[in-house]
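This report addresses two topics: the surroundings of a ligand and the packing of one helix.

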Amino acid sequence: MVIIMLGAQGTGKGTIAGLISEEMKWPQISTGDIFRKNISEKTELGIEAEKYIARGELVPDEITVPMVINRLNQKDAQEGSILDGFPRTTQQAKKLDEILEKLGKKVDLVINLSTPKEELIDRMLTRRVCSNQECKATYNTKLHPPKVEGICDKCGATLKQREDDSNSEAINRRLEIYEEQTSPLVEYYEAKGVLRTEVVSTSINRMGKDVARVIIEDIKKN
Ligand code: AMP
């Protein structure tokens, strides 16, 4: 089963993808995480991608698409995969359809997360991530703080703020790109009949874990 997480930055795509991944034993394929791992390891791909990521711009398809193809071809992604952060443009979505067709697969479910804009910026500013690239656990200093401030509950490594979450210019640019280039994917996948929209908001007390729970139940029923 191929699942795509759609939604603006800060909606909780990573949290929900992680919970589905844990339960279903399907890999969470986060393009942002793969880039950040490459940046921390100073690989050629990481050095190139960092120029765009630091400014909140999209990394060009020439770099992103082959990276995704490579990941989807790995053994652990054959039964199921949860794409988190890809596709982000209609062009990438069309490319993904081609890639999956070659693998005899298709996009089965697109989880579209909707969160009021005023909550998104606050969530990005209060997001903290584990500095251990093998762990990558995500916290929020207000909504989901670690047990010990600044320390990851899971692995004990220090928590840090993502560079693109600490810079208001990069935050605004990412939200702008989402509106312009990624939000048209809602219509793209709606037309294919695979879209499922879920609201995540503190105002209705519905958080990522609540959404993940109902989706996991439905996946298991089918
Ligand atoms: P994320 O962790 O999903 O917020 O991604 C962090 C950054 O990585 C984004 O702001 C982009 O610069 C880059 N990135 C992640 N996924 C993609 C993608 N599908 N296409 C282009 N750039 C991406």
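## Ligand contacts and helix α5

In this predicted model, the side chain of T31 places an N or O atom 2.8 Å from a nitrogen atom of the ligand. Two further polar contacts are made through backbone atoms, one of E57 and one of G85. The three contacts are set out below.

| Residue | Protein atom | Ligand atom | Distance |
|---|---|---|---|
| T31 | side-chain N or O | nitrogen | 2.8 Å |
| E57 | polar backbone atom | oxygen | 2.6 Å |
| G85 | polar backbone atom | nitrogen | 2.8 Å |

The protein buries 96% of the 480 Å² that the ligand exposes when taken alone. Around the ligand there are 16 residues, of which T31, R36, E57, G85 and R88 come nearest. The largest contribution to this shell, four residues, is from helix α2 (residues 31-40).

Helix α5 comprises 13 residues, 90-102. At 1.5 Å a residue, α5 should span 18 Å, and the 19 Å between its end C-alpha atoms agrees with this. Its buried residues are Q92, A93, L96, I99 and L100. Viewed down the axis of α5, these buried residues fall within an arc of 120°, so they line one face of the helix. Such a pattern follows a general rule: an α-helix has 3.6 residues a turn, so residues three or four places apart point the same way.

The buried residues of α5 are covered by elements including β1 (2-7), α4 (61-72), β3 (81-84) and α8 (184-191). On the face of α5 turned away from the buried side lie the exposed residues Q91, E101 and K102. After α5 comes G104, which has a positive phi near 70°.

Technical notes: Residues are numbered from 1 along each chain as its sequence is written. This is a predicted model: local features need pLDDT of at least 70, side-chain atom pairs count only at pLDDT 80 or more; totals for chains, interfaces and linings use all residues. Side-chain values use heavy atoms; hydrogens and water are left out. Helices (H or I, at least four residues) and strands (E, at least two) are DSSP runs, numbered from the N terminus. The expected span of a helix is 1.5 Å times one less than its number of residues. Buried means under 20% relative accessible area, exposed over 50%, partly exposed in between (1.4 Å probe, protein chains only). The arc is that of the directions from the helix axis to the C-beta atoms. Contact means heavy atoms within 4.5 Å. A residue is near a molecule or strand if one of its heavy atoms lies within 4 Å of it. A polar contact is a pair of N or O atoms within 3.5 Å; within protein, one must be able to donate a hydrogen and the other to accept it, and residues adjacent in sequence count only if both atoms are side-chain atoms. Accessible areas come from the Shrake-Rupley method with a 1.4 Å probe; for residues, only the protein chains shown count as cover.
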